[in-house]
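Please walk through the following chain, taking its strands and loops before its helices.

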Amino acid sequence: MRTAEVVVPRLGESVIEATIIRWLKNEGDQVEAEDALVEIATDKVDSEIVSTASGKLAKKLFNEGDVVAVGKVFALIETQGEAADSGPQKAVAGSQPATEKTFAVSQPAAETVKAAEPVRVTRQSIVESKDSPEEASPSTRYYSPLVRSIAQQEGLSFKELDSIPGSGKDSRLTKQDILDYIAMKQSGAALPQPSSLAAIRPEPVTPVFTMGDDRIVEMDRVRQLIANHMVKSVQTSPHVTSFIEADMSRIVGWREKNKDPFQKKYGEKLTFTPVFIEAIAKAARDFPMVNVSVDGTRIIVHSKVNVGMAVALPGGNLIVPVVTDAGSRNLLGITRSVNDLANRARINKLLPDEISGGTISLTNLGSFGTLMGTPIINQPQTAIIAVGAIKKRPVVIETAEGDVIAIRPVMICSITFDHRVIDGALGGQFLSRFAQYLEQFDNTQTI
């Protein structure tokens with residue numbers, strides 16, 4: 001018998017440690033390579049660490065609640081054969097830079113997985129579908145890197161993967177499930193119908209206490225992080241908020257015309273959020289001193305516009321994934337990124353680097369019917385844009401024949417900025433330009 005060491009891999013550029021939230025396997029359990037062993041949490045995102053070898057979980061070196069440094073061995077797997085040598089296992093677990101958003105996966109060979117030769121599989125090309133764009137759309141169901149790798153080799157689309165019932169924890173698809181499916185497919189046997197199972201991890205139970213007629217709810221870890229971050233932001237930056245109205249006629253009409261064809265063509269929803277992000281990126285190009293952060297007495301002017309978008313989570317918390325380099329993407333590229341990040345945010349499958357590196361943020365208050373708001377800056381950024389609900393109102397329109405009153409869909413926009421580095425004139429100019437890009441939107445374009 002040999003022992004393979006499993007280490008905490010790199011989880012992001014600024015992440016140096018993680019807290020063990022929950023063990024998903026017990027000592028003595030048989031595990032396959034790429035099976036999830038443990039759920040961990042960092043100050044950025046929760047994620048899972050998978051086994052780097054097949055065998056038996058021999059030893060848990062840390063308990064739930066313990067803090068473990070990146071690169072530290074946290075579990076031992078008893079294996080058989082040469083492929084389980086601990087040296088290569090360490091290399092695989094920690095060799096893939098998180099900044100490239102790659103998975104370190106093993107090359108499947110018959111019934112054995114050799115972990116010595118990692119294969120880089122990017123998130124965008126994990127499954128190359130030979131079918132329609134709709135079938136190639138990313139799934140919101142969780143698949144391990146090994147399952148994704150096998151699916152890619154076999155040419156299975158996400159739509160096909162979604163149809164396979166999973167026998168793993170929380171109905172996850174295991175290696176054996178996909179191999180059995182492939183065997184059934186090759187033999188011509190009847191294939192399972194599309195599954196309605198959603199491999200979404202249930203929300204952790206929050207402790208609730210009673211005090212007379214009142215109840216006391218303990219903050220969960222994410223809520224504590226949000227609370228601390230918000231207090232720190234207000235203490236750090238002098239906040240100022242400005243407002244403006246935008247006529248959304250062009251955008252509303254364009255979306256109404258294109259949302260059904262877009263859904264049919266790409267299998268994704270067409271929302272207003274990508275349009276807002278595109279307008280932010282254009283305005284930031286025109287006024288680069290808004291797309292900055294502060295380091296002591298220095299102002300860092302960012303070359304890329306990385307837009308963080310606030311996403312409400314099912315459990316009541318929120319998270320801010322980042323659409324990177326939004327200024328270099330077309331509207332279709334932004335839309336795909338927005339949908340992918342939002343979907344994975346809601347099932348807790350974001351990578352650590354996908355919620356860091358933002359240079360300016362967007363919050364859509366209108367999703368809940370709110371007309372306007374004064375959001376708190378997401379440090380170390382210096383500005384956040386808020387958009388309210390789109391409401392039909394009578395407005396005065398200037399024409400060559402004189403002023404007329406017409407009904408238009410209007411939205412109130414706001415910018416909250418850090419007055420240490422952004423003055424009222426600059427903040428107002430940026431917000432005005434943002435509204436101009438919305439009002440002058442090209443409603444003849446198709447995506």
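A search of the whole structure, which is a predicted model, finds four aromatic pairs. One of them is formed by Trp-23 and Phe-74, with ring centres 5.8 Å apart and 40° between the planes. The pair counts as tilted, because that label covers plane angles that are neither under 30 degrees nor over 60. Trp-23 belongs to strand 2 (residues 17-23) and Phe-74 to strand 8 (residues 73-79), so the pair links parts of the chain that are 51 residues apart.

Strand 8 also takes part in a sheet. Four strands make up this open sheet, in the order 1-8-6-3, with antiparallel pairing. Strand 1 (2-7) and strand 3 (30-31) are its edges, each pairing on one side only. At one of these edges, strand 3 runs antiparallel to strand 6 (residues 55-60) and is joined to strand 6 by two bridges. Here Gln-30 stands opposite Lys-56 of strand 6.

The loop that leads from strand 3 to strand 4 (36-41) holds Glu-34. The phi angle of Glu-34 is positive, near 80°, although the residue is not a glycine. Another backbone feature is found in the loop between strand 20 (360-364) and strand 21 (383-387), where Pro-380 is placed. The peptide bond from Gln-379 to Pro-380 is cis, and its omega is near 5°.

A hairpin is formed by strand 14 and strand 15, with two residues between them. Strand 14 covers residues 292-295 and strand 15 covers residues 298-301; the two run antiparallel and are joined by four bridges. Val-294 has Ile-299 in strand 15 as its bridge partner. In the turn, Gly-296 has a positive phi of about 70°.

The helices come next, beginning with helix 7. Which helices does helix 7 meet in crossings that are right-handed? Helix 9 is one of them, and helix 8 is another.

Helix 7 spans residues 273-286 and helix 9 spans residues 424-439; their axes come within 9 Å and cross at roughly 135°. The two helices are therefore oblique to each other, as an angle of this size lies outside the range of 65 to 115 for roughly perpendicular and is not over 145, the limit for roughly antiparallel. Helix 7 passes helix 9 in a right-handed crossing. On the side of helix 7, the contact involves Val-275, Phe-276, Ala-279, Ile-280, Lys-282, Ala-283, Ala-284, Arg-285 and Asp-286. Helix 9 contributes Phe-430, Arg-433, Phe-434, Tyr-437 and Leu-438. Of the residues in this contact, ten are nonpolar, four are charged and none is polar.

The axes of helix 7 and helix 8 also come within 9 Å, crossing at roughly 120°. That angle makes helix 7 oblique to helix 8. The crossing of helix 7 past helix 8 is right-handed. Thr-273, Pro-274, Val-275, Ile-277 and Glu-278 of helix 7 meet Leu-331, Ile-334, Thr-335 and Val-338 of helix 8. The residues in this contact comprise six nonpolar, two polar and one charged. Val-275 is thus listed in the contact of helix 7 with helix 9 and in that with helix 8.

Helix 8 (residues 331-346) also crosses helix 6 (residues 249-266), with axes that come within 14 Å and an angle of roughly 70°. Helix 6 is therefore roughly perpendicular to helix 8. This crossing, too, is right-handed. From helix 6, the residues in contact are Trp-254, Phe-262 and Tyr-266; from helix 8, they are Leu-331, Leu-332, Thr-335 and Arg-336. They divide into five nonpolar, one polar and one charged. Leu-331 and Thr-335 of helix 8 appear in this contact and in the one with helix 7.

The segment after helix 9 includes Gln-445. With which residues is Gln-445 in contact, leaving aside its neighbours within four places in sequence? They are Trp-254, Asn-258 and Leu-331. Trp-254 and Leu-331 are also listed where helix 6 meets helix 8. Gln-445 and Asn-258 are 187 residues apart along the chain, and their C-alpha atoms are separated by 9.6 Å.

Note on methods: Residues numbered from 1 in each chain as written. Predicted model: local features only at pLDDT ≥ 70, side-chain atom pairs only at ≥ 80, totals over all residues. Heavy atoms only, no water. Axes fitted to C-alpha atoms, helices over the stretch in contact; angles between N-to-C directions. Parallel < 35°, antiparallel > 145°, perpendicular 65-115°, else oblique. Left-handed = near helix turned anticlockwise from the far one by under 90°. Contact = heavy atoms within 4.5 Å. Nonpolar A, V, L, I, M, F, W, Y, C, P; charged D, E, K, R; others polar. Pairing = 2+ DSSP bridges. Phe/Tyr/Trp six-rings, centres within 6.5 Å; stacked < 30°, edge-to-face > 60°.
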